Each structure stands twice: as structure tokens, then as C-alpha cells.
Amino acid sequence: FYGYMYTKAIVLEVNGERVALLKMPTMSGENALTDGIAAQLQARHGIDMRGRILTGATHSHHSPGRYWRLPQGLGIVGADEADEEGIQLLTSHFADVIADAIEDLGPAQWGHAYEDDWDPDDEIYRDRRSVNDPEYPKDPRLSLLAVRRPDGTPMATIINFGIHGTIFGGSNDLITEDAVGGIERKFEAHFHKQKDQPIIGMVIQSAG
């Protein structure tokens, strides 16, 4: 392992309507995971969240695979052949994280903000495929969604922008969340240093 991999969830409920935002340390989101999480929440915790789970993946190239039910032979895209035991292990874990978030539900406040062209000098990320411009340039927008308790105690911030955050090459055999996990840890450490309070940082990839 190069840095632990983290699953993180925020559950929001307004007037009885509930939604879960789940960050998964996987290459991608996938129907087998989303449906499996809902099934495991029902089976393990008696909670019905069908149609109310929104997932985002780190898109690490060095994270668990074999959860994508592709036709035989198409696992060459990087997911390998599907493994039902692996799918069950992942979805059980993800369901437990959401159940923990539901258990922690309480009064909260939320806010959001965004900034365009926030990295003009490409210090954080860059347009890696300029040949498809102008239709698909660098994602210019950084969006944030923050949640805190009514007394001001910080809880979590979702960080959203499009980044193909791969650091290690094909020869790497370490499990890692790549750049996205690093962004989360740097954000959490910086916030704690500035505010002397902990916070959960969740990067939910644009198009991840």
C-alpha cells in the first residue's frame, strides 16, 4: 500500500428525503457496485436506499478491480474479469460506510461555492489531450459543497473538479489512490492547521 485507501460518505436528509454521496477508491463507478450497495444496505442493515445512492470514483489506476461485469475478454480495459466474491466484498464495505453515515445523522448546515479558471498556471492539473479542443478543454471549474453542525463544527467538504489523477506508471505494483487521495489528505491537513479542527475531505471526480 502507498497510503491507505478510503471510502467516505455523506448522507443528506431534508423533509424525509434522503440521499447518499459515496466516494469509492475504485477506477470507476459501475452498475454492479451501485445496485450491489443498495442490496447490501437492505440485507445487512434493513435500509432501503434504492435510487438514492450517488457514487464517485477516484479513478486510480492502482486500486481494486474485477467489479465490472463486462462480456468475456473485455476486461483488458483494466478491470479484469468480473469476480462475484470481490463485488460482494466491495459492496458490503461500501454499504456499511453509508449505514455508519446514516447512524450519524443529525442537524446540519450546508453551503456551496465554485470558482472558474482557478488553476491558470496548471500547477494542479492540465489539459492532457489538447487535440480534442475546443470541445473538450481543461475542466475550468472547482466546486465545493461543505457540511457542518449548527454550532459551526466542520464535518466534511466535497471537492469536485475533473482530473485524470494518475501518478504511477504501469510498472507500479502498489495499491494507491493516486493524486485524488493525496489531494484529500493535503486538504484535511491544511484545514486542521488553519482551523485546529478536523474535517473529512472527499474528492468526487467530475465525470469520475
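This report looks at two pockets and a run of paired strands in a predicted model.

## The largest pocket

Let's start with the open spaces. Rolling a probe the size of a water molecule over the atoms shows where empty space is left. The largest pocket holds about 740 Å³ of space. Its lining is made up of 25 residues, and those nearest the centre are Arg-126, Arg-128, Gly-162, Ile-163 and His-164.

What classes of residue make up that lining? You'll find 10 polar, 9 nonpolar and 6 charged residues there.

## The second largest pocket

Next comes the second largest pocket, with about 600 Å³ of space. Here 23 residues form the lining, and Ala-9, Ile-10, Val-11, Asp-104 and Met-155 lie nearest the centre. Several elements each give two or more residues to this lining: β1 (8-14), α2 (84-103), β4 (109-116), β6 (154-160) and β7 (200-203).

Which element gives the largest share? That's β1, with 7 residues. Sorted by class, the lining of this second largest pocket has 16 nonpolar, 3 polar and 4 charged residues.

## The strands β4, β5 and β6

Two of the elements lining the second largest pocket, β4 and β6, also pair with β5. Strand β5 covers residues 141-148 and runs antiparallel to β4, joined by 8 bridges. One pair to look for is His-112 with its bridge partner Leu-145 in β5.

On to the next pairing: β5 and β6 are antiparallel too, with 6 bridges between them. In this pairing, Val-147 sits opposite Ala-156 of β6. The hairpin of β5 and β6 has 5 residues between its strands, and Gly-152 in this hairpin takes a positive phi near 95°.

Conventions: Residues are numbered from 1 along each chain as its sequence is written. This is a predicted model: local features need pLDDT of at least 70, side-chain atom pairs count only at pLDDT 80 or more; totals for chains, interfaces and linings use all residues. Side-chain values use heavy atoms; hydrogens and water are left out. On a 1 Å grid over the protein atoms alone, a cavity is a set of points where a 1.4 Å probe fits but cannot get out, and a pocket is an open set with protein on both sides within 12 Å along at least five of seven lines; lining residues have an atom within 4 Å of a point. Grid points are joined across faces, edges and corners, and a volume is the space filled by probe spheres set on the points. Ala, Val, Leu, Ile, Met, Phe, Trp, Tyr, Cys and Pro count as nonpolar, Asp, Glu, Lys and Arg as charged, and the others, Gly among them, as polar. Helices (H or I, at least four residues) and strands (E, at least two) are DSSP runs, numbered from the N terminus. Two strands pair if DSSP finds at least two bridges between them.
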